[in-house]
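Reader: I should like a close look at a single part of this model. Please describe one residue, its surroundings and the sheet to which its strand belongs.

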Amino acid sequence: RNGYTLKLLNMEARPRTFTLTLEGLPGAVMWDSHATESMAAPALRITVGPDQTEARQIYVRAAPASLPEGTADIRFIARAEGGAVAMQETRFDGPER
């Protein structure tokens with residue numbers, strides 16, 4: 001598994017829910033610092049309070065077979081209710097072979 005710190009910013013005066021997904025690593029699942037690995041899923045829903053920033057530790061697990069090169073370029077996508085989208089590219093490092 002790999003760990004990442006993501007920050008979601010809500011600049012509105014009402015709570016907003018974001019759906020976090022992952023591209024570039026088929027079959028990968030995620031969970032955050034408010035859950036356990038047994039709750040891992042392909043997408044996470046995170047609610048951020050009004051005019052607040054929410055930092056979460058996100059963990060990603062993938063099958064070694066999905067990493068033929070040992071690493072993969074991945075992209076986190078956060079979609080807010082109402083249509084706003086933010087993306088962050090990074091890398092997933094598999095186990096050393």
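**Arg56 and its strand**

Author: In strand β5, Ala55 is the bridge partner of Lys7. The model discussed here is predicted. The pairing of β1 with β5 is antiparallel and extends over nine bridges.

These two strands belong to an open sheet of three strands, ordered β1-β5-β3, with antiparallel pairing. The edges are taken by β1 (2–10) and β3 (29–32); each has a single partner strand, so one side of each is left without a neighbour in the sheet. From one strand to the next, the twist averages 35°.

Arg56 lies in β5, which covers residues 52–61. Its relative accessibility is 10%, and Arg56 therefore counts as buried, the cut-off for that class being under 20%.

The contacts of Arg56, leaving aside residues up to four places away in sequence, fall in several stretches of the chain. Arg56 touches Tyr4, Thr5 and Leu6, and its contacts also include Asp32, Ser33 and His34. Ile46 is a further residue touched by Arg56. Of the positions named, Tyr4, Thr5 and Leu6 fall within the range of β1 (2–10), and Asp32 within that of β3 (29–32).

Two of these neighbours can be described further. Thr5 is 51 residues from Arg56 in sequence, yet the C-alpha atoms of the two are 5.7 Å apart in space. With His34, the link is made by side chains: that of Arg56 makes a polar contact with that of His34, at 3.3 Å.

Methods:
Residues are numbered from 1 along each chain as its sequence is written. This is a predicted model: local features need pLDDT of at least 70, side-chain atom pairs count only at pLDDT 80 or more; totals for chains, interfaces and linings use all residues. Side-chain values use heavy atoms; hydrogens and water are left out. Helices (H or I, at least four residues) and strands (E, at least two) are DSSP runs, numbered from the N terminus. Buried means under 20% relative accessible area, exposed over 50%, partly exposed in between (1.4 Å probe, protein chains only). Contact means heavy atoms within 4.5 Å. A polar contact is a pair of N or O atoms within 3.5 Å; within protein, one must be able to donate a hydrogen and the other to accept it, and residues adjacent in sequence count only if both atoms are side-chain atoms. Two strands pair if DSSP finds at least two bridges between them. Axes are lines fitted to C-alpha atoms, for helices over the stretch in contact, and angles run from 0 to 180 degrees between N-to-C directions.
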